[in-house]
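Hi,

Here's the structure I promised to pass on. Have a look first, and my notes follow underneath.

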Amino acid sequence: FFVLYIAGITFAMFRIITALFLRDTLAVASADTEMVIQEKMKEKNQYAQRLLDFFEAADTSGDGLLTYDEFEAILEDERVQHYLSWLEIDPRESRQLFELLDDGEQEVSVDEFVRGALRLKGQARSQDVIAIM
């Protein structure tokens, strides 16, 4: 009887210790998920700030709207082309890029520019591909 009692107590203690390790592991994993989400949001905000800086440099008239002529003029600078490439935007397709960002007014506002460029960053999503079709 005594051996059975000791075996039962030992088994229960192992289960309790395992449960404690599992709880701590799940808590760390949850914190990691939150940290990854926060990091992605921070990266997106930094990217949007860089786009805003580019827009302000391109908007030579200072009216808060970017015309195709202003856009084309700033793209002639090789440093700007490299900067756009670093932002994962292909500067060689400037006309198509401007038309994608434009809502038909032949001018792009800062909001349209940042929002559109954020959508263009990275790989195409399936809904974007469908929209093109």
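To start with a small one: does D111 count as buried, partly exposed or exposed? Partly exposed, as it comes out at 47% relative accessibility. Keep in mind that this is a predicted model, so everything below is computed from predicted coordinates.

D111 is also half of a salt bridge. Its side chain meets that of R115, with 3.0 Å from N to O. Both sit in helix α5, four residues apart, which means about one helical turn separates them. In an α-helix there are 3.6 residues a turn, so residues three or four places apart point the same way. R115 is partly exposed too, with a relative accessible area of 48%.

The structure holds two salt bridges. Besides the D111 pair, there is one between D24 and R23, where the closest N and O atoms are 3.8 Å apart. D24 is partly exposed at 42%, while R23 counts as exposed because its relative accessibility is 54%, and the cut-off for exposed is over 50%.

Now the overall layout. The chain has six helices and two strands, and from the N terminus the elements go α-β-α-α-α-β-α-α. Of its 133 residues, 23% count as buried. The accessible surface is about 10,100 Å², and carbon and sulfur atoms own 60% of that. If you look at contacts with a sequence separation of 6 or more, 56% of them are between residues 24 or more positions apart.

Helix α1 deserves some time. It covers residues 2–58, and its end C-alpha atoms are 84 Å apart, which agrees with the 84 Å that its 57 residues should span at 1.5 Å a residue. The buried residues of α1 are Y47, A48, L51, F54, F55 and A58. They pack against β1 (65–67), α2 (68–75), α3 (78–86), β2 (107–109) and α5 (110–120).

At the start of the chain there is something else to look at: F1, F2, Y5, I6, I9 and M13 make a nonpolar surface patch of about 740 Å². I6, which belongs to α1, is partly exposed at 38% relative accessibility.

Then the core. The largest nonpolar core has 22 residues, and L51, F54, L66, F71, L84, I89 and F113 have the most contacts inside it. At least two of its residues come from each of α1, α2, α3, α4 (94–101) and α5. The largest share is that of α1, with six residues.

Two residues are handy for finding your way around in there. What does I89 touch, leaving aside neighbours within four places in sequence? Its contacts are Y47, L51, L84, L97 and A117. The other is L97, in helix α4, which is buried with a relative accessible area of 9%, well within the buried class because that class takes in anything under 20%. Not counting residues up to four places away, L97 touches F71, I89 and L120. L97 and G116 are 19 residues apart in sequence, and their C-alpha atoms are 9.2 Å apart in space.

That's what I have for now. Shout if anything is unclear.

Cheers

Key: Residues are numbered from 1 along each chain as its sequence is written. This is a predicted model: local features need pLDDT of at least 70, side-chain atom pairs count only at pLDDT 80 or more; totals for chains, interfaces and linings use all residues. Side-chain values use heavy atoms; hydrogens and water are left out. Patches are made of residues with over 30% relative accessible area and no salt bridge: like charges are joined within 9 Å, nonpolar side chains (Val, Leu, Ile, Met, Phe, Trp, Tyr) within 5 Å. Accessible areas come from the Shrake-Rupley method with a 1.4 Å probe; for residues, only the protein chains shown count as cover. A salt bridge is a side-chain nitrogen of Lys or Arg within 4 Å of a carboxyl oxygen of Asp or Glu. Buried means under 20% relative accessible area, exposed over 50%, partly exposed in between (1.4 Å probe, protein chains only). The expected span of a helix is 1.5 Å times one less than its number of residues. Contact means heavy atoms within 4.5 Å. A nonpolar core is a set of buried Ala, Val, Leu, Ile, Met, Phe, Trp, Tyr and Cys residues joined through side-chain atoms within 4.5 Å.
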